[in-house]
Amino acid sequence: MASKVFFTNLRTTEDENLLQKLRRLIVTAGAGQIDFKNKYTAIKIHFGEPGNLAYLRANYAKVVADYVKEQGGRVFLTDCNTLYVGRRKNALDHLDAAYENGFSPFSTGCHVLIADGLKGTDEVLVPIDGEYIREAKIGRAVMDADIFISLTHFKGHESTGIGGTLKNIGMGCGSRAGKMEMHSAGKPFVEQDRCVGCGACQRNCAHEAITMESRKALIDHNRCVGCGRCIGVCPMDAVHAAEDEANDILDCKIAEYTLAVVKSRPQFHISLVVDVSPYCDCHSENDLPIVPDVGMFASYDPVALDMACADAVNRQPVMPGSRLDEQPKGHGDHFCNNHPVTNWKMCIDHAVKLGVGSADYELIEI
């Protein structure tokens, strides 16, 4: 059965600016059907790696947060710590990055919580019995919320083809161990040249998998369970995830993690197709958008929402001079042309198979 996806373009008038238009989209799409009264409501958003300017402005987040508060909800913005080395590797640096990019209680009207805690280890094991995942490792604050809302910057992605709603939810809500489980078939390893032999990883390993030899850390993969704690505590960023999972399986794992987040509770999803960068917002830079801005979308169905956004992007002309403009056009699909080693439909198809949502949608323009 086709799911309803609501859409509005980016045209404004003297009587209605973009923020007012976003609020009207949320209302028209039926967010008011959710009982927010005194309910903890998580708004999952990507705060953007500092240096990147394509992430969503905090103004959009304030519109969503204000609407939830008007309905009596107790709302917070959230994301989980990253697996890779950067400015969002732990909660303190992550909050600094969020504030630097404009996401503060003063600008958004709500608090910012890092869902998986100080070092990315505060997680809830969510049974899903998927094809690849048995227990998803989700940031605790995400699972403690009564209601889940995603606010997504729709873009390209070097591993998954698209960085849409499913990616924002599945990968974004995974704890460090969860992200490692999705990205990696193997276990973490130590970059010996960077290791200074401080022993922090060894002291924090709960499975006695790390030993010190000649003042260098070594990880025994027979003992390692892939929790990722060693990555979080290393002061020299010497410990790295294998990140060797095939892209198709990565997409499927993201779909299974999305199921863990959204199942059995009220949910609502918003996706803005603006500044469609060729890479993820985790990059500390952003390139020229690959297509012109399209508009704003909302739905109760995250799968249909991603499908509608992808279709809308594929209908757009290629931006001259962009990365996409420089690629061969053999795939007939902007995202596959942008990153030929990816197939974004794998995530869509697997999410449909899991019952997360429908790939069929009815687009309703407001």
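Which side chain does a polar contact join to that of aspartate 333? In this predicted model, the partner is tryptophan 344, and the contact spans 3.1 Å. Aspartate 333 sits in the loop between α12 (323–326) and α13 (334–338). The residue is buried, yet no salt bridge is found for it. Lysine 345 is the nearest side chain of opposite charge, and it lies 4.9 Å away. A salt bridge requires a nitrogen-to-oxygen separation within 4 Å, so the 4.9 Å separation does not qualify. Leaving aside residues up to four places away in sequence, aspartate 333 touches Asn314 and Trp344.

The sheet comes next. Eight strands form an open sheet with mixed pairing. Their order is β4-β3-β2-β7-β14-β15-β1-β16. The edges are held by β4 (111–114) and β16 (361–365). Each has a single partner strand, so one side of each is left without a neighbour in the sheet. From one strand to the next, the twist averages 25 degrees. Strands of a sheet pair through backbone hydrogen bonds, in either a parallel or an antiparallel sense.

Strand β1 (residues 3–8) shows both senses of pairing. With β16 the pairing is parallel and runs over five bridges. With β15 the pairing is antiparallel and runs over four bridges. Valine 5 takes part on both sides. Its bridge partner in β16 is leucine 363, and in β15 it stands opposite serine 299. Phenylalanine 6 has isoleucine 364 as its bridge partner in β16. Five of the six residues of β1 are buried, so the strand is largely enclosed by the rest of the structure.

Two helices that lie across β1 were examined. Helix α1 (residues 18–28) lies across β1, β14 (267–273) and β15 (295–299). Its direction makes an angle of about 25 degrees with β15. Helix α11 (residues 302–314) lies across β1, β14, β15 and β16. Here the angle to β14 is about 10 degrees. Helix α11 also helps to cover α14 (residues 345–354): what covers the buried residues of α14 includes α6 (165–170), α10 (247–262) and α11. Those buried residues are Cys347, Ile348, His350 and Ala351. An α-helix has 3.6 residues a turn, so residues three or four places apart point the same way. Glycine 355 follows α14, with a positive phi near 85 degrees.

Charged pairs were then surveyed. Side chains of opposite charge can pair when their charged atoms come close. The whole structure holds 15 salt bridges. One of them links arginine 24 to glutamate 16, with the closest N and O atoms 2.7 Å apart. The two ends differ in accessibility. Arginine 24 is partly exposed, at 33% relative accessibility. Glutamate 16 has a relative accessible area of 18% and is buried.

A further salt bridge joins lysine 39 and aspartate 35, with a closest N and O separation of 3.6 Å. Lysine 39 is partly exposed at 28% relative accessible area. Aspartate 35, at 49%, also counts as partly exposed. For exposed status the value must be over 50%, so aspartate 35 stays in the partly exposed class.

Aspartate 122 forms a salt bridge with arginine 140, and the closest N and O atoms are 2.6 Å apart. This pair links distant parts of the chain, 18 residues apart. Aspartate 122 belongs to the loop between β4 and β5 (123–127), whereas arginine 140 belongs to helix α5 (residues 140–144). Aspartate 122 is partly exposed, at 32% relative accessibility. Arginine 140 is likewise partly exposed, with a relative accessible area of 34%. Elsewhere, salt bridges with shared partners join Lys44, Glu49, Asp79 and Arg88 into one network.

Backbone angles close the account. Most residues other than glycine have a negative phi. Arginine 215 has a positive value, near 60 degrees. This residue lies in the loop between β11 (210–213) and β12 (216–219). At 58% relative accessibility, arginine 215 counts as exposed. Aspartate 237 also has a positive phi, near 55 degrees. Its place is in the loop between α9 (229–233) and β13 (239–240).

Note on methods
Residues are numbered from 1 along each chain as its sequence is written. This is a predicted model: local features need pLDDT of at least 70, side-chain atom pairs count only at pLDDT 80 or more; totals for chains, interfaces and linings use all residues. Side-chain values use heavy atoms; hydrogens and water are left out. Two strands pair if DSSP finds at least two bridges between them. Helices (H or I, at least four residues) and strands (E, at least two) are DSSP runs, numbered from the N terminus. Axes are lines fitted to C-alpha atoms, for helices over the stretch in contact, and angles run from 0 to 180 degrees between N-to-C directions. Contact means heavy atoms within 4.5 Å. Buried means under 20% relative accessible area, exposed over 50%, partly exposed in between (1.4 Å probe, protein chains only). Lys and Arg count as positive and Asp and Glu as negative; His and the chain ends are not counted. A polar contact is a pair of N or O atoms within 3.5 Å; within protein, one must be able to donate a hydrogen and the other to accept it, and residues adjacent in sequence count only if both atoms are side-chain atoms.
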